[in-house]
Amino acid sequence: MSDERTARATLTAVAEPGDAFLNRIIDHCGPEGALEAVRAAQVPEGVSATPKEARRLDAWRIRLIAAEPDQDMAVCARFRGRFVCPGDPEWPTTLDDLGTGRPYALWLLGPLDLRYTCLRSVAVVGSRAASPYGLRAAADFASGLADAGWTVISGGALGIDAAAHRGSLAADGTTVAVLANGVDVPYPASNEGLFAEMARRSLLVSESPPGTHPHRLRFLVRNRVIAALSRGTVIVEAEARSGALNTAGWAAKLGRVVMAVPGPITSRSSVGCHRLLREEGTTLVTRPEEIVEAVGLIGDDLAPPPDTPVLPRDRLEPVTRCVLEAFPARGAAGPAQLAVKAGVDLNTVNAKLGLLAAAGFIERTAAGWRLTKSAKSPTGPTPPPKQ
């Protein structure tokens, strides 16, 4: 492994992911120069730093004692993972949109190419304490996106994240989990089977070396990577203080499409979604096709109109339907009255009355013709063949 890659691997072990101060040092003097600055606990000449930032070098220098990049690479190789740096063919250039917040490098596990997989991708995130409604929506969205050839990106957490990953896998799609821990650490433990399946068929991604366990800050920090990798982010369910809203905030900052799914107005799990929908720039989505329309190519990925129920009267040919529409909602009418209201001649009305009666739309009474009860119902009777 080159000195530059070794330096980047070391930096992933000593610094918090995406620290803007460290990235400024890397931009100024390269990964090896940044590692030397950490060893000396000295801010390189030409790099501005606040006193608080300068103190981070002391903390990183202490952590450097325990850093073992060669061992991390050996462990990664044993479970067939890999280490990807900026400039590598597999590095997604969309991560560079993060500027000084971009990852120093990424640890990957799975057979897919990260850059290629994320070219057509959507992030689907939401609450860990998801409702059955949210879990169903996330799984259905992910399955529909997979069928349309889109990759689903999420955070591997309980609730909405796991439902999105599983929905994509169930449709034989591709899905990427951006983790707050090492790719070899199953967290949460209840998702161990899911992670094993993703490592076999899709992709696990982390900014942290193998063996790293998560802590609260890393969950929020990894959200920027989820937002940057994808063309847009869908929030399925989110409470008022949900980490999913943090992902939506990153997506908005990066110029990505922000989408939200409405929920019951009485549901705490949808408070965050409804707040987003009240803000300018958030797109309401209810179907996978609407998500694809929002993030896809203009003119090529338009969502088809939603299916509407076809009523029996919709299948009638125009003149027959016109005569049927001329009937009063209550009471009866004679052929002459119907002819005037429908705007057709009397012979035509008499011919259509027989057809409508045979199909069960109307019936004859002493006072004339009237609608049957079934004709007034939502489903209606079976229509006659077109004449």
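User: Ala, Val, Leu, Ile, Met, Phe, Trp, Tyr, Cys and Pro count as nonpolar, Asp, Glu, Lys and Arg as charged, and the others, Gly among them, as polar. How do the residues of the lining of the second largest pocket divide?

Analyst: The model is predicted. Among the residues lining the second largest pocket are Pro-17 and Trp-250, which count as nonpolar, Gly-18 and Asn-246, which count as polar, and Glu-16 and Arg-224, which count as charged. The full division is 5 nonpolar, 3 polar and 2 charged.

User: Which element gives the most to the lining of the largest pocket?

Analyst: The largest pocket has a volume of about 530 Å³ and is lined by 23 residues. Helix H9 (216-229) and helix H10 (243-253) each supply at least two residues of that lining. With 6 residues, the element that gives the most is H9.

User: Why is strand S5 (residues 175-179) largely enclosed by the rest of the structure?

Analyst: Thr-175, Ala-177 and Leu-179 point one way from S5, while Val-176 and Val-178 point the other way, and all are buried. Strand S5 is therefore largely enclosed by the rest of the structure, the number of its buried residues being 5 of 5.

User: Through which helix does the chain cross from S5 to S6?

Analyst: S5 and strand S6 (residues 203-206) pair in the parallel sense over 4 bridges, and Leu-179 stands opposite Ser-206 in S6. The β-α-β crossover from S5 to S6 is right-handed, and its helix is H8 (residues 192-201).

Methods. Residues are numbered from 1 along each chain as its sequence is written. This is a predicted model: local features need pLDDT of at least 70, side-chain atom pairs count only at pLDDT 80 or more; totals for chains, interfaces and linings use all residues. Side-chain values use heavy atoms; hydrogens and water are left out. Buried means under 20% relative accessible area, exposed over 50%, partly exposed in between (1.4 Å probe, protein chains only). Two strands pair if DSSP finds at least two bridges between them. A crossover is right-handed if, with the strands pointing away from the viewer, the path from the first strand over the helix to the second runs clockwise. On a 1 Å grid over the protein atoms alone, a cavity is a set of points where a 1.4 Å probe fits but cannot get out, and a pocket is an open set with protein on both sides within 12 Å along at least five of seven lines; lining residues have an atom within 4 Å of a point. Grid points are joined across faces, edges and corners, and a volume is the space filled by probe spheres set on the points.
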